[in-house]
Amino acid sequence: MKKFNFRKVLDGLTASSPGSASGTSTCPGGTTGVPAVGAAPKEIEVQETLASENFQISKMVRHGFPYQPTALAFDPVQKIVAIGTRTGGVRILGRPGVDCYCQHDSEAAVLHLQFPINEGALVTACADDTLHLWNLRQKRPAILHSLKFNRERITFCHIPFQSKWLYVGTERGNTHVVNIESFILSGYIIMWNKAIELATKTHPGPVVHLSDSPRDEGKMLIGFESGTVVLWDLRAKKPDFRFYYDEAIHSVSWHHEGKQFMCSHSDGSLTMWNLKNTAKPFQITFPHAKSQRDGKKPDPCKPILKVEYKTSRSRCPFIFSEGWAYDKAGRRPSLTIMHGKSITVLEMDHPIVEFLTLCETPYPNEFQEPYAVVVLLEKDFIVVDLTQSHFPIFENPYPMDIHDSPVTCTAYFADCPPELIPALYSVGAKHKKQGYSNKEWPVSGGTWTLGTQTYPEIIITGHADGSLKFWDGSAITLEMLYKLKTSKVFEKQKVGEGKQVAEIVEEDPYAIQMISWCPESRILCVTGISAHVILYRFSKHEATTEIVSLEVRLQNDVEDIITPEVTENISPYTEPSQPITGSPSNVSPEEIKDSIPCLKVKSRPVKMPQGYQAELVIQLVWVDGEPPQQIASLALNSAYGLVAFGNSNGLAVVDFIQKTVLLSMGTIDLYGSSDPYPRQLRSPRRSKQPTAGLSELSDSPISLELERCKSPTSVKGPRKLSLPTDLKTDLDNVNGHCTSPTSQPCSTGKRVSATEGAKLNRWGPSRPPFRKAQSAACMEISLPASHTEVGYASRRAMLQQLHGISIYSQDEHHSASYTWSEKESRDNSFSRSRSSSVSSIDKESKETITALYFMDSYGRKNDGTLSPCLWVGTSLGVVLVISLNLPSGEEQRQSEPVMVAPTGTVLMLKGALLTFSSVDCAGVLIHPPYEVWRDPNSMDDNEKPRKRKLVTFSPSSSQDMGDYHFAVICSEKQAKVYSLPSQNCLYAHSITESSFVLRADVVTVCNSVCLACFCANGHIMTLSLPSLRPMLDVNYLPLTDMRIARTFCFTNGGQALFLSSPTEIQRITFSQEMCENLQDMLGSQGPLFAPVETPEAQNRGFLKGLFGGSGQTFDREELFGEAAAGKASRSLAQHIPGPGSMEGMKAAAGGVVGDLARARIALDERGQRLGELEERTAAMMGSAESFSKHAHELMLKCKDKKWYQL
């Protein structure tokens, strides 16, 4: 615990420094631990309890659907499922709550998955031709062994039931055998040239199937891609039978009796083969082809990629396959179930990756009795119930539908009010889909219990279709609570109907961009891509009300700076927004869009179900033919009854209690006489002067100012709002955002072709071009790996750069209209090295409102009392404080107006503002005031609405030092702590010089507060408060995708989350206490492996065993062991000890700690083996007693009988 005495430190600095700072001057970015000049008038002591030992970063859990799945496996005894992905990830799922994520270090695609049944292990085969053995008997699975093939590529894997030997097929057609326990390659090899006939002149192709015969484990069926199938005798080391077919083979499946098998082929056919007749198949079927009456060959169909042949004792056999006819266009991917003479086709929404049949028995030589089929799709995971005739699907208990519509933003709330989750669940449960199977979820492996380290957590995801999903994130799980569709507020545009609004996006006009939620009052506010804000209230009762709609007009009065790129070939008599070539079009003033919203709100009374009900819609309107700028910041306060939002044109404050607009003001008007930047006002649109040529532009005062423009942090006093010469921005192109960044100076203009000019001006002569659907919140762009180190100069610049080249679409697979080379050239032009003194003013001509925060504060310098205030941050690093004068009393609040006025307070930081917060003099976070939730549709006695109940938080005070609190302000470059009401900058810390902060939040950690930052270079940092001492700085998450930037968010308790892929949410923690408790939290779900007895084989009977040919077993150790087969060539494969094995532990650890770890692992393994030995001994004793009992009964039964009576 360390104490900081501000007065003593500041007194020492004052003796050697100039006078204290004034109210509106800025303090320099000081070094860590050294406060800036200026101090509170009295001594302030803050005890900071946080230290660097309190912080550690660790992954917690991953939710959602595995992105780009490639493989599927199921353990029928443990009842767990494993899914492999293209990026080397493995998700293991069990009963609801059991969800484990593993990652291969190589990040190679997982091609095959195999469970050694009921052994607590998993074998993975990756695209880098490496086999891995995972240990599932611990809380976090780890790799025990790896085997790297050097000469051959792996194409198929198979582990026989109750065997420790793994069969591996390769691309060359060879089959190898691997010992699972030691992961050493056996010397037993089945070469492809020995499997086929000597007379065959062609190579049979890669191995596509391996399986042992259900009738005799000493026989193995090998399927080659060319159409050849070989039944290999393992003992005799020679083939018993060979089967040839003209079409390529994709899969093979045995009948449980082992006398026949089925193959699926590339021409859409299924062939049935009998071991007694190997010349030709005894049955050939085309499940999806048209029947031909003249005996002609059926039309070819799509390949059947997989077939499974399962038998049932009481019903006809089940045959599962996928495929369809070529001539049936528009058909969706399907799974075909042939049950007797009936054929059922189950159409899927997405392509099928893999499917598996779940059966009652794990023994391959018994009736399979299938009861469900697991289908892994590209973007979904379903299980079909086979016990019912209409084949319903099971209700999926996992959060696999996060990506139903692409996620555009996220919000994370920890330690919510405890009654909030049941309330959301109760209203969400009434909207769940019906028609699911009434059976229990069949994947029921693992153990899960509610852990002790739990508190209510809610995650909100906003989506491209305008929907919001509320998730219960407590106990490191994720469960759907409630879904809200914001599109229901607006009218649907009918086909052929004249548009009454002016949409600015073609697809997904309701996409969510920002979420502001007050959990205590349950008031929700969201912003959409169409420049609209919707406010919701939560109610447990249905209501039919009209939605109030307000329109706000925001206009920027700063003169646009036009780049030579667009104006070089423009005639002096033509407006820049007119076509470059051809005669100008005559457009009447009536055709110019003005005061028109982007969407149309429903004007009739709307029936709203219980849950969140829309109360107010605020829309920005078109101004003089220019579309509204997208909203960049949002703030909500339920106690004040106000919502504020801003963009690059200005700020708007709305009273949602009285449904009135309190403030609609341009950014420069907020400064008043305190504006630090002289600005050039925009001339009226109708009297706008023609644009001069390139030579005239070079000599203009604007271009001269461009040449001598300097960084805002390198000069003192007023400066001009200008742009550097090496950055050209076309402000009339894409909604005021930089769309053609380049490193060329302005003096070297770029010619624009006629086609490009027409393309730029395709929206009409009086309207600047506006590229549709270009929200930064909707982008799905992967940045090249080579560009992750060389970051953008600012957060806004990165968003604007990608803003101009991205075209968002509903489907993740849709791509933009530019090539990768074009994209990389654009990235290179903007991803140059910049000095730390360059801030956002060098990249923007419009000052954007980037941060808003409501709190009780001192609005002016040396104010004596706290008052409601709105803190405003801009992209130029300016902080403004707006005073809010609220009527006292509830009745007055309903009728009297709220007075809103700028206070004149101006503070300065480097870079665009990101966040505000307030800390009292004891270092405790001051929560903004809020209103306690009340149901707007419920009535008390006498039919009177319930009164508002407000909760306020006052800063800690004492008689000695008075009421002081600290304002914590963070920008994309630095953080500062101001003492209020003196407005002295106590501490300033430069967070990053070469990069910029993407997300910053003041959160609680270990009963204290800190400032958490996520930078574009991948660093996660924490700073103590109020001293801004660095506690943590780890390069943890490289920004390889804009998805991470727009979904990353912090929350209390030292937690954070982001979208690691378009379908998955990754939760992390940066708290040491949370990392220590993480094992206990994960322990609530227990290990994936649970001790379960393997079911006994069915009693086949004496006669059936004698004549039916029961499954014969043999000793594989005797055949594949080193004594019989010898050692494999060392150059064929390389054994690599895994980190979870004894060898890996020896390599990773040393000394006493390593010895203790190895002893602990050895003790655990010894205990497991003793436990297994005890279980086996007990089973053998039980079997012996049963055998003795039956033998005694048989002896008594046959004691007095003659031999001919037996």
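I began at Gly-462, which sits opposite Leu-468 in strand 33. Worth noting at once: this is a predicted model.

**Around that residue pair**

I looked up the two strands next. Strand 32 (residues 457–463) and strand 33 (residues 467–472) run antiparallel and are joined by five bridges. I then asked myself which sheet they belong to, and in what order its strands come. They are part of an open sheet of four strands, ordered 31-32-33-34, with antiparallel pairing. Strand 31 (407–414) and strand 34 (479–485) are the edges; each has a single partner strand, so one side of each has no neighbour in the sheet. From one strand to the next, I get an average twist of 20°.

**Helix 3**

What packs on this sheet? Helix 3 (residues 420–429) does, touching strand 32, strand 33 and strand 34. Its direction makes about 65° with that of strand 34. I listed the buried residues of helix 3: Leu-420, Ile-421, Ala-423, Leu-424, Val-427 and Gly-428. They span an arc of only 165° around the axis, which puts them on the same side of helix 3. I also checked what these buried residues pack against. Besides strand 32, strand 33 and strand 34, I found strand 35 (512–518), strand 37 (532–539) and strand 41 (611–620).

**Strand 47 and its partners**

I moved on to strand 47 (residues 867–874). Is strand 47 mostly covered or mostly exposed? Mostly covered, with seven of its eight residues buried. Strand 46 (residues 849–857) runs antiparallel to strand 47, and eight bridges join the two. On the other pairing I looked up, strand 47 goes with strand 48 (residues 878–885), again in the antiparallel sense, over five bridges.

Val-872 in strand 47 turned up in both pairings: Leu-852 stands opposite Val-872, and Val-872 stands opposite Leu-880 in strand 48. I had a look at the hairpin too. Three residues lie between strand 47 and strand 48, and Gly-877 takes a positive phi near 80° there.

**Aromatic rings**

I searched the whole structure for aromatic pairs and got 28. I picked out Phe-490 and Tyr-510: their ring centres are 5.6 Å apart and their planes are at 20°, so this pair is stacked. Both residues sit in the loop between strand 34 and strand 35, 20 residues apart. Both Phe-490 and Tyr-510 are buried.

For Phe-1048 and Phe-1050 I got an edge-to-face pair, 5.0 Å centre to centre with 70° between the planes. Why do I call Phe-1048 buried? Because its relative accessibility is 1%, and buried means under 20%. Phe-1050 counts as buried as well, at 5% relative accessibility.

I also noted one aromatic cluster, formed by Phe-413, Phe-470, Tyr-482, Trp-517, Phe-538, Tyr-612 and Trp-933.

**Whole-chain numbers**

Last, I pulled the totals. The chain has 18 helices and 65 strands. Of its 1206 residues, 55% count as buried. The accessible surface comes to about 52,900 Å², and carbon and sulfur atoms account for 50% of that. I took the contacts between residues at least 6 apart in sequence and found that 62% of them join residues at least 24 apart.

How values were computed:
Residues numbered from 1 in each chain as written. Predicted model: local features only at pLDDT ≥ 70, side-chain atom pairs only at ≥ 80, totals over all residues. Heavy atoms only, no water. Pairing = 2+ DSSP bridges. Axes fitted to C-alpha atoms, helices over the stretch in contact; angles between N-to-C directions. Contact = heavy atoms within 4.5 Å. Buried < 20%, exposed > 50% of the residue type's maximum accessible area, 1.4 Å probe, protein only. Areas by Shrake-Rupley, 256 points an atom, 1.4 Å probe, with all protein chains shown as cover. Arc of directions from axis to C-beta. Phe/Tyr/Trp six-rings, centres within 6.5 Å; stacked < 30°, edge-to-face > 60°.
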